[in-house]
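Have your viewer ready and a selection box open. We will walk through the model stop by stop, with something to pick at each one.

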Amino acid sequence: MEAGLDRHFLLGEPGWWNSPDLPPDFMAGEIPPPLPWVSTTPRVGNFGWCRQRLRPLVWPLLKPLAWAPLFLLLTAIPLLLPGRTPDDQVTSIFFFSISWGLVILPIVFSRNAQPMSDDSLLSLPVDWLSLALASAIFPLHLTIDPRIVWLSYALYWVAYFRTVQLVQAAMLTPPARFLLPIEPEDWSGELSPPWRVSSATWSRKVLASVDLPNGRAILSGSSRSGQDFLSMAFVHKSGFIQDPFHDPSPGGSELSELLADPLAVVGRGWPDSLIISSEEE
């Protein structure tokens, strides 16, 4: 099955963009690494770093985020019209759980599905502050004033809208990383500062990284169809992967300056199985 998907490994699946044809080598905002980087495209092959597009976030995130407000709205109905359900409190909690499940779970699953992404829960693009404040205020309606429940409810709406804004910011730059075919002996861990090397020996994990204001630049090992790759990506502060060579740069001027000079790593030729031939067009 993996071999059958090799032709979509770099360019991405046409269905992601509702197109029957293979995507072009460059899409809106995508730029090649600057000289003197040695880079290539899925249709050229040979040697050099090549962009691998990952699944766009619009499909797994937008639909559940669009449904969440409906259930958050339904949460208030048993409170406004008591006695209309078998158990108003349980019904309200049920709708509330669905609403925030539709917000948080798709974000977690989408991020975990990306290679090289961050797995920190608090880095998720969720307005944890408003969410925590609303949850802390909610129990006070039992001991101080029942009307406090509406203040808590309003803060949950604030948390939702701010979360949507954070998700939109994480989606501004498409998810992608750059791959360089190598052999394990090609990696020696000899990188100049500010790169911080995590492993001087080759492995399929994080090998080196640089902390930046909006996230981290990361190098890691990966493999496909028996070929090892050095993978480079920008991990946004939300934990999502973003294209490191994109206009505008997801990491700002700091990332552009970091990637102005190529890495001192010698790559190998691209396997024919991962390159798009003219017969496949």
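Start by selecting strand 5 (residues 215–224) and strand 6 (residues 227–236). They form a hairpin with two residues between them, and S225 in that turn has a positive phi of about 50°. Here strands (E, at least two residues) and helices (H or I, at least four) are DSSP runs, numbered from the N terminus. The two strands pair in the antiparallel sense over 10 bridges; pairing requires that DSSP finds at least two bridges between two strands. To check the register, pick I218, whose bridge partner in strand 6 is A233.

A quick note on what you are looking at: this is a predicted model, in which local features need pLDDT of at least 70 and side-chain atom pairs count only at pLDDT 80 or more, while totals for chains, interfaces and linings use all residues. Residues are numbered from 1 along each chain as its sequence is written, and side-chain values use heavy atoms, with hydrogens and water left out.

Now add strand 4 (residues 206–212), which pairs with strand 5 in the antiparallel sense over six bridges. These two strands also make a hairpin, again with two residues between them. Two contacts to label are V206 opposite S220 and D211 with its bridge partner R216. Switch to a surface view: eight of the 10 residues of strand 5 are buried, meaning under 20% relative accessible area (exposed is over 50%, partly exposed in between; 1.4 Å probe, protein chains only). Strand 4 is largely enclosed by the rest of the structure, because five of its seven residues are buried.

Next, bring in strand 3 (residues 196–197), joined to strand 4 by two bridges and running antiparallel to it. V197 has A208 as its bridge partner. On these strands, D211 forms a salt bridge with R196, with the closest N and O atoms 3.6 Å apart. A salt bridge here is a side-chain nitrogen of Lys or Arg within 4 Å of a carboxyl oxygen of Asp or Glu. R196 counts as partly exposed, at 44% relative accessibility.

By this rule there are nine salt bridges. Which parts of the chain does the pair R51 and D243 tie together? R51 lies in strand 1 and D243 in the loop between strand 7 and helix 6, so the link spans 192 residues of sequence. Their side chains meet at 2.7 Å, N to O. R51 is buried at 7% relative accessible area, and D243 is buried at 1%.

For a contrast in setting, select E185 and R268, which meet at 3.9 Å, N to O. E185 is exposed at 59%, whereas R268 is partly exposed at 31%. Add D186 to the selection: salt bridges that share partners join E185, D186 and R268 into one network.

Finish with the rings. Rings of Phe, Tyr and Trp (its six-membered ring) pair if their centres lie within 6.5 Å; planes under 30 degrees apart count as stacked, over 60 as edge-to-face and the rest as tilted. The count comes to 14 aromatic pairs. One of them is W37 with F245, edge-to-face at 5.6 Å centre to centre and 75° between the planes. W37 sits before strand 1 and F245 between strand 7 and helix 6, 208 residues apart.

The last stop is helix 5 (residues 148–171), where W157 and Y160 are three residues apart, so about one helical turn separates them. They are edge-to-face too, at 6.2 Å and 85°, and both are buried. Widen the selection to W150, Y153, W157, Y160 and F161 to see one aromatic cluster.
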